[in-house]
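The following paragraphs lead the reader through a single protein chain. Please keep the sequence and the structure in view while reading.

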Amino acid sequence: MQIQPQKSLAQQKNIQFGALKIATIKNSGRNTIDIYKLTGKDDDFIDFLDSTTDYNKIAPDLPEDMRARWQKIFHYCIEEIRDGFNQNFVAISNKKPCGILTGYCNETSSYLDGVCKIPSEENKNLRNAGKSLILHFLKTAQKANSKTISLDAVKDGPFDVISMYEKLNFKKVFPAEDSGKYQPMEMNK
């Protein structure tokens, strides 16, 4: 399958996509989101996605500080994917990446390391790409029989992510020392 992060560059390069399709999510009856588990064969795709994803271009309506914050979250996810220690997923809709997630699951605990939506012109009306990835991650943790699922929610995210995680039944964990940037959260089985 070929995925095209950006038309102009995709026409110049033939990027192969070797990820494994693991779920299809129907979103609001109109859109479909396919979730793929990335493999070692997807290094070129990840490099290409990284080089063609610029939030200043794909989300010009957002305030500059929010575009910078999303870009930072996106690059964090890409770096964690490149490290190769986590389980990594990409959401695709209309043959365009619309989100990435990185984390790990085992029978003791699961950690959602990072998740980021990737807006595009083709997916401008797409809703819940990030939430779809998160819900899939929760199902993966359930299958792994994890006792706890934890994450560090950004306090200055592009929207109120802490409230979103609370709606998914995550609870705030108050550390001994608050760095001010992240809110540790977790849920038990």
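Glycine 84 comes just after helix H4 and takes a positive phi of about 80°. This value, like every other given here, belongs to a predicted model.

Helix H4 itself covers residues 64-83. How far apart should the ends of this helix be? At 1.5 Å a residue, the 20 residues of H4 should span 28 Å, and the end C-alpha atoms lie 29 Å apart, so expectation and model agree. Many side chains of H4 are shielded: Met66, Arg67, Arg69, Trp70, Gln71, Ile73, Phe74, Cys77, Ile78, Glu80 and Ile81 are buried. The list contains charged residues, namely Arg67, Arg69 and Glu80, beside nonpolar ones such as Ile73 and Phe74.

Towards the end of the helix, arginine 82 deserves attention. Arginine 82 has a relative accessible area of 35% and therefore counts as partly exposed, since that class lies between 20% and 50%. Side chains of opposite charge can pair when their charged atoms come close. One partner of arginine 82 is glutamate 79, with a salt bridge of 2.9 Å from N to O. Both residues belong to helix H4 and stand three residues apart, about one turn of the helix. Glutamate 79 is partly exposed as well, because its relative accessible area is 38%.

Another partner of arginine 82 is aspartate 47, and here the N to O distance is 3.0 Å. This pair links distant parts of the chain, for aspartate 47 sits in helix H2 (residues 43-52) and arginine 82 in helix H4, 35 residues apart. With a relative accessible area of 38%, aspartate 47 is partly exposed. Which residues make up the network of salt bridges around this site? Asp47, Asp50, Glu79 and Arg82 are linked in it.

The structure holds five salt bridges. One of them lies elsewhere in the sequence: the side chains of lysine 172 and glutamate 166 meet at 4.0 Å, N to O. Lysine 172 is partly exposed, at 37% relative accessibility, and glutamate 166 is also partly exposed, with a relative accessible area of 36%.

Not every charged residue appears in such a pair. Arg30, Arg127, Lys131 and Lys167 form a positive surface patch. Within this patch, is arginine 127 exposed or partly exposed? Its relative accessible area is 54%, and because the exposed class begins over 50%, arginine 127 is exposed. Arginine 127 is found in the loop between strand S5 (109-117) and helix H5 (129-143).

A further loop leads back to the start of H4. Proline 63 lies between helix H3 (55-58) and helix H4 (64-83). This proline is partly exposed, with a relative accessible area of 46%. Proline 63 and proline 158 are 95 residues apart along the chain, yet their C-alpha atoms are separated by 9.4 Å.

These sites can now be placed in the chain as a whole. The chain contains six helices and eight strands. Read along the sequence, they follow the pattern α-β-β-α-α-α-β-β-β-α-β-α-β-β. Of the 189 residues in the chain, 48% are buried.

Methods:
Residues are numbered from 1 along each chain as its sequence is written. This is a predicted model: local features need pLDDT of at least 70, side-chain atom pairs count only at pLDDT 80 or more; totals for chains, interfaces and linings use all residues. Side-chain values use heavy atoms; hydrogens and water are left out. Helices (H or I, at least four residues) and strands (E, at least two) are DSSP runs, numbered from the N terminus. Buried means under 20% relative accessible area, exposed over 50%, partly exposed in between (1.4 Å probe, protein chains only). Patches are made of residues with over 30% relative accessible area and no salt bridge: like charges are joined within 9 Å, nonpolar side chains (Val, Leu, Ile, Met, Phe, Trp, Tyr) within 5 Å. Accessible areas come from the Shrake-Rupley method with a 1.4 Å probe; for residues, only the protein chains shown count as cover. Lys and Arg count as positive and Asp and Glu as negative; His and the chain ends are not counted. The place of a charge is taken as NZ of Lys, CZ of Arg, CG of Asp or CD of Glu. The expected span of a helix is 1.5 Å times one less than its number of residues.
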